[in-house]
Amino acid sequence: MTGRQPFSDLELIMRRHGARPAAPRALDAAATATLAEWDRQDAALAALYGPIAAEPLPATMRAALGRAAHEDAAPRAAWPPRARIAAAFVLVALGAAGGWGAARLLPSGGFAPPAAAFAAIRAHQTFVGEVTHPVEVKADQAEHLTRWLSKRLGHAINAPDFAAFGFVLMGGRILPAEPGTAAVFMYENATGQRITLYAAPGDGSSETAFRFVEAGATQGFWWVDSGLRYAVVGEVPREALRSLATAAWEQLT
Amino acid sequence: MTVLDEIEAAIPALRRYAQALLRDRAAADDLVQDCLERALARRAGWRGEGSVRGWMFRILVNLHHDGQRQRSRGPHLSVVGDDMAEFSRPGAQEGHMALREVQAAITRLPDDQRQALLLVALEGMSLVEAAAVLGLAEGTLASRLGRARASLRAATGRESAKAVRPRNEGTVQP
């Protein structure tokens, strides 16, 4: 008689988690005890790991979702690359002529550079003078550098090539940003002059043309594109810096 | 809900699962980040078969298996989280399990049993859903789950419950 046959674990599992309705058969004491034991197992798992699901999402995940939402809202195909480049040149020219390219680090004329521009300048000033550890990962480990910085940034990024301007990649490092983690690439020319490219996850601000910031002798151009915030920073003449920023923008787009 | 909304809605469960699976917070979030980026990159090709959640779990499980294959080639360091001290308080109420014991027991399970247990017992999937995520037949999944539950019971000192009835060895096969 089936009623006397003890329930196997497998039978109880099918009964508890299976899609098909269980055969109408009364549970014996042992089966009831097993199911109660499994309830306690489930409760223990929920107590151990449940709280993680209630946490806010990490910044890198929010940034990836933000970029995707941005792409969905404005399909890039509608705005061909050549037109984008041309538009950027026009805006840079307007900026230089019209004065908003000359925005200072301190708010002026009702326009304040964003926190990322400050962060990029500070990062440059902190690391550019480093003799022993200017970068965390050197350029000779190019593949590792690219993979690591892309992973931490939450966005694929390749160091732009500035060889045409005499600047060679030294390597890169990561820095905390808000939100997320920023990647910094450092370059050096034959005279030992150094420039940095800063890239941080977007904070929801929309795309911009190049904008200029300066703090003492340190100058930078910053922009927002495809959900990332970028800046090229150095102690080089503004026109040279603008050319570098344009080259970076073309290669990163 | 758009696919993007559904992708976002699945992340908390993926983080919970990855954390329980890997027991290392940073590694778990790296795995979920990789899963998220793969899902986002492929979202345009999503045809609406099944649930977005199930699809993302499949991506995560595949990435996890890829990662295991890579790790198995080199020296393996197992990181067991030591940040669970808050769960070690003694005198857990009767009827509740000592969470630390459960955590240690899960850590000792073979990876395939741990995945079966976590998808069903933690994520609340049915056998059919969990089997689809892991690419297994339903019966295989059920027997892995049975072995995981039995190991957990033995490890948490509740083996005595079995004395109540004859044990059906052989009903839960590999």
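This passage describes a predicted model with chains A and B, taking confidence, the sheet of chain A, the helices of chain B and the contact in turn.

In chain A, the mean pLDDT is 80, and 80% of the residues reach 70 or more. Two stretches of chain A fall under 50 throughout. One covers residues 75–83, for which the model has three contacts beyond four places in sequence. The other covers residues 89–111, for which the model has 28 contacts beyond four places in sequence.

Chain A contains an open sheet of seven strands in the order β1-β2-β3-β4-β7-β6-β5, with antiparallel pairing. Its edge strands are β1 and β5 of chain A, each of which pairs on one side only. Strands of a sheet pair through backbone hydrogen bonds, either parallel or antiparallel. At the β1 edge, strand β1(A), residues 137–138, is joined by two bridges to β2(A), residues 168–176, and the two run antiparallel. Within this pair, A:K138 has A:G171 of β2(A) as its bridge partner.

The next pairing, between β2(A) and β3(A), residues 181–188, is antiparallel and has eight bridges. Here A:L169 stands opposite A:Y187 of β3(A). These two strands form a hairpin with four residues between them, and in this hairpin A:G180 takes a positive phi near 85 degrees. On the following step across the sheet, six bridges join β3(A) to β4(A), again in antiparallel fashion. A:Y187 appears in this pairing too, standing opposite A:I195 of β4(A).

Helix α5(A) packs against this sheet: its buried residues lie against β2, β3, β4 (194–201), β5 (211–215), β6 (218–225) and β7 (228–234) of chain A. The buried positions of the helix are A:A116, A:A117, A:A119, A:A120, A:I121, A:A123 and A:H124. An α-helix has 3.6 residues a turn, so residues three or four places apart point the same way. The length of α5(A), residues 115–127, agrees with expectation, because 13 residues at 1.5 Å a residue should span 18 Å and the end C-alpha atoms are 18 Å apart.

Chain B has seven helices and zero strands, giving the pattern α-α-α-α-α-α-α along the sequence. Of its 174 residues, 37% count as buried. Among the contacts in chain B with a separation of 6 or more, 66% are between residues 24 or more positions apart.

Helix α1(B) has 20 residues, which at 1.5 Å a residue should span 28 Å; the end C-alpha atoms are 27 Å apart, in agreement with that value. The helix nevertheless bends by about 35 degrees at B:I11, and a proline, B:P12, follows within four residues. After α1(B) comes B:R23, whose phi is positive, near 65 degrees.

The contact between the chains takes 37 residues from chain A and 43 residues from chain B. On the side of chain B that touches chain A, at least two residues are supplied by each of α1 (3–22), α2 (25–42), α4 (99–108), α5 (111–122), α6 (127–134) and α7 (138–155) of chain B. The largest share of this side, nine residues, comes from α1(B). By residue class, the side of chain B that touches chain A divides into 24 nonpolar, ten polar and nine charged residues.

Definitions and conventions. Residues are numbered from 1 along each chain as its sequence is written. Chains are lettered from A and ligands numbered from 1 in the order in which they are written. This is a predicted model: local features need pLDDT of at least 70, side-chain atom pairs count only at pLDDT 80 or more; totals for chains, interfaces and linings use all residues. pLDDT is the predictor's confidence in each residue, from 0 to 100. Two residues are in contact if their C-beta atoms, placed from the backbone, lie within 7 Å. Ala, Val, Leu, Ile, Met, Phe, Trp, Tyr, Cys and Pro count as nonpolar, Asp, Glu, Lys and Arg as charged, and the others, Gly among them, as polar. A residue is buried if 20 or more other C-beta atoms lie within 10 Å of its own, exposed if 12 or fewer, and partly exposed in between; C-beta atoms are placed from the backbone. The expected span of a helix is 1.5 Å times one less than its number of residues. The bend at a residue is the angle between axes fitted to the seven residues ending there and the seven starting there. Two strands pair if DSSP finds at least two bridges between them.
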